[in-house]
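Me: I'd like a close look at one part of this model, the small open sheet and whatever packs around it. Could you walk me through it in one go?

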Amino acid sequence: MGLFSKFENKVEDTVEGAAERMGGAPLSPVQIAKKAEKQMRREKMAGAGKQYAPTLYTVLVNEIDDQRLFGYYPTLAGETETYLSAKAAEHGYVMDGQPLVRFIADEGLKRGKFEVIAELVAAPIVAQLRQEEMERYGIAAPAKPANRAYASAPAPRPADPFAPSADYGDYEDEPHTMVLGGPADEDVDPLSPASAQLTAYLYDMTNDRAFTLTKQNTTVGRESDNDVVISDINASRYHASVRLEPPAKWIISDEGSTNGTFVNGRRIKSAPLRDGDIIIMGTTNIEFQLL
């Protein structure tokens, strides 16, 4: 029996049977798996002589379909993940861990319609999202906040963008320091007036883009009229803002985003930024830099 036939036998009867009881078949598991595989092939990336497959697959569905099929998502997601892992191996693709398939309601879709978005996402982010999905389905205990420090913050992008994330160890609340020139042992707090000579940047590690902070207040989000636009369905339209407070203090504030803003693995409402801080918005990793 082929791989796809096994997949059909495992999920099609279950979900189609549920659809019949609900008065119609809103979604086909086979179609979802096929489109996810198609997106996997389309979004794969080459690096270091290998081809890397996406690890996060977001299935956008109609709100009514989402409500009706919610109880079947764990089975459908789990079997689709197994299928995608096997297809990646069959095509010779490398995956950074087990893929995650999740379902999100989209008010813009008609009943029976769906879209699949495939993304290359760092393993710690996938692990965090998987935990959240398990909590949403009620099949996992909530993670303890104390264990989140740096758990979801990836290492700054190395020469090989697919190299394993570094282990940061325990988080410490001590201020970061940096050298601004002169003797190597002359450290200066980056929040001091002396840091005014530096230029601030937001480096989008996920998409390898840098944005210079030239305004007193910089908006960040998915909407095109933001100062810094991040193409991430998991980010809010107006996700956060970064403002400069005289003489040279940079503050990041969450603007009521759905999934929150994280600095060095901790969810914040507002927090000062220091050189090298890692910001997470949705599944996008951003490094704050002073150069």
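Reply: Here is a walk through that sheet, its helices and the core around them.

Keep in mind that this is a predicted model. The sheet is an open one of three strands, ordered β4-β3-β5, and its pairing is mixed. β4 (100–105) and β5 (114–119) sit at the edges with a single partner strand each, so one side of each has no neighbour in the sheet. On average, neighbouring strands here are turned by 20 degrees against each other, direction ignored.

Now for the pairing of β3 with β4. Strand β3 covers residues 56–61, and six bridges join it to β4, the two running parallel. If you want one pair to click on, take V59, whose bridge partner in β4 is F103.

Two helices lie across these strands. Helix α2 (residues 29–43) lies across β3, β4 and β5, at about 35 degrees to β5. Helix α5 (residues 123–137) lies across β3 and β4, and runs at about 55 degrees to β4.

V59 and F103 turn up again in the packing. The largest nonpolar core has 24 residues, and Y57, V59 and F103 are the ones that touch the most other members. Elements giving two or more residues to this core are α2, β3, α4 (73–91), β4 and β5. The top contributor is α4, with six residues. Looking past residues up to four places away in sequence, F103 touches I32, V59, V61, Y73, L76, A77, E133, R136 and Y137. Apart from this core lies another one, of 22 residues, including F211, A235, A240 and I286. As a general point, nonpolar side chains tend to be buried together in soluble globular proteins.

One charged residue deserves a stop, and that is E119, in strand β5. E119 is buried but has no salt bridge. Its nearest side chain of opposite charge is R102, 4.9 Å away, while a salt bridge here needs the side-chain nitrogen within 4 Å of a carboxyl oxygen. So what does E119 touch, leaving aside neighbours within four places in sequence? The contacts are P54, T55, L56, T58, D232, N234 and T283. Among those, L56 and T58 fall within the β3 range of 56–61, so you can pick them up while looking at the sheet.

How values were computed:
Residues numbered from 1 in each chain as written. Predicted model: local features only at pLDDT ≥ 70, side-chain atom pairs only at ≥ 80, totals over all residues. Heavy atoms only, no water. Pairing = 2+ DSSP bridges. Helix = DSSP H or I, 4+ residues; strand = E, 2+ residues; numbered from the N terminus. Axes fitted to C-alpha atoms, helices over the stretch in contact; angles between N-to-C directions. Contact = heavy atoms within 4.5 Å. Buried < 20%, exposed > 50% of the residue type's maximum accessible area, 1.4 Å probe, protein only. Lys, Arg positive; Asp, Glu negative; His and termini not counted. Core = buried A, V, L, I, M, F, W, Y, C linked by side-chain atoms within 4.5 Å.
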